[in-house]
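Here are my comments on the model you sent, set out as numbered points. They begin with a term that the later points rely on.

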Amino acid sequence: MVRMSTLADCLKNLANAEKRGKRQVLVRPVSKVIIKFLKVMQKHGYIGDFEIVDNHRSNKLVVELNGRLNKCGVVSPRYDITIEQMEKWVVNLLPSRQFGFIVLTTSRGIMDHEEAKKKHIGGKILGFFY
């Protein structure tokens, strides 16, 4: 079977392992987008460290889980959002304004919606986690 979205597969693996109470999970294949998405999650404390295992093909990731992740997902297709539309997407995707993040890909890299608001830039929506 063909993989449609490696990012969606990665986030689904993380969410399922978290529900099962696992401490770590193996994710493959790995892409730059997946690594940057996980760095945003790590920065906010939703996952622990992750390590790239090089197998001379598409690599693997071993992600340490810490029990904080409730749900994560991909928004497909990757909609363009402006700063004005950001609040609408926050209300639609996140359970509360107090916690959770929407991850955007912008011209200045992959970042969460709060950082994009501070830098005053919009972009394409990748996914969310809380």
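1. Helices and strands are here DSSP runs, of at least four residues for helices (H or I) and at least two for strands (E), numbered from the N terminus. With that convention, Pro77 falls in the loop between β4 (72-74) and β5 (80-81), and the peptide bond that leads from Ser76 into Pro77 is cis, with omega near 5°. Please keep in mind throughout that this is a predicted model.

2. On the overall fold, the protein chain holds four helices and eight strands, and their order from the N terminus is α-β-α-β-β-β-β-α-β-β-α-β. Along the principal axes, the C-alpha atoms fill a box of roughly 40 × 30 × 25 Å. A compact globule of 130 residues would have a radius of gyration near 14 Å, and the protein chain, at 14 Å, agrees with this. Among contacts with a separation of 6 or more, 61% join residues that are 24 or more positions apart.

3. On surface and charge, the protein chain exposes about 7,800 Å², of which carbon and sulfur atoms supply 49%, while buried residues make up 40% of the 130 residues. There are 23 positive and 12 negative side chains, and the centres of these two sets lie 4 Å apart.

4. Which residues touch the most other members of the largest nonpolar core? In this core of 27 residues, they are Leu14, Phe37, Leu38, Met41, Leu61, Val63 and Phe129. Two or more residues are given to this core by each of α1 (6-20), β1 (24-27), α2 (32-43), β2 (47-53), β3 (60-65), β6 (101-106) and β8 (123-129). A second, separate core has 15 residues, including Leu93, Leu104, Ile121 and Tyr130. As background, nonpolar side chains tend to be buried together in soluble globular proteins.

5. Leu61 deserves a look of its own. Leaving aside neighbours within four places in sequence, Leu61 is in contact with Val25, Leu26, Val27, Val30, Ile34, Leu38, Phe50, Glu51 and Ile52.

6. Is Leu7, a residue of helix α1, buried or exposed? Its relative accessible area is 3%, under the 20% cut-off, and therefore Leu7 counts as buried. Not counting residues up to four places away in sequence, Leu7 touches Val33, Ile34, Phe37, Val74, Arg78 and Leu126. Of these partners, Ile34 is 27 residues from Leu7 in sequence, yet the two C-alpha atoms are 5.8 Å apart in space.

7. A cis peptide bond is also found from Arg28 to Pro29, with omega near -10°, and Pro29 belongs to the loop between β1 and α2. I would list this bond beside the one from Ser76 to Pro77, which is likewise cis.

8. Two residues other than glycine have a positive phi and can be read together. Asn59, in the loop between β2 and β3, has phi near 65°, whereas His120, in the loop between α4 (113-119) and β8, has phi of about 60°. As for accessibility, Asn59 has a relative accessible area of 23% and is partly exposed, while His120 is exposed, because its value of 57% is over the 50% cut-off.

Definitions and conventions:
Residues numbered from 1 in each chain as written. Predicted model: local features only at pLDDT ≥ 70, side-chain atom pairs only at ≥ 80, totals over all residues. Heavy atoms only, no water. Rg over C-alpha atoms; globule rule 2.2 N^0.38 Å. Buried < 20%, exposed > 50% of the residue type's maximum accessible area, 1.4 Å probe, protein only. Contact = heavy atoms within 4.5 Å. Areas by Shrake-Rupley, 256 points an atom, 1.4 Å probe, with all protein chains shown as cover. Lys, Arg positive; Asp, Glu negative; His and termini not counted. Charge placed at Lys NZ, Arg CZ, Asp CG, Glu CD. Core = buried A, V, L, I, M, F, W, Y, C linked by side-chain atoms within 4.5 Å.
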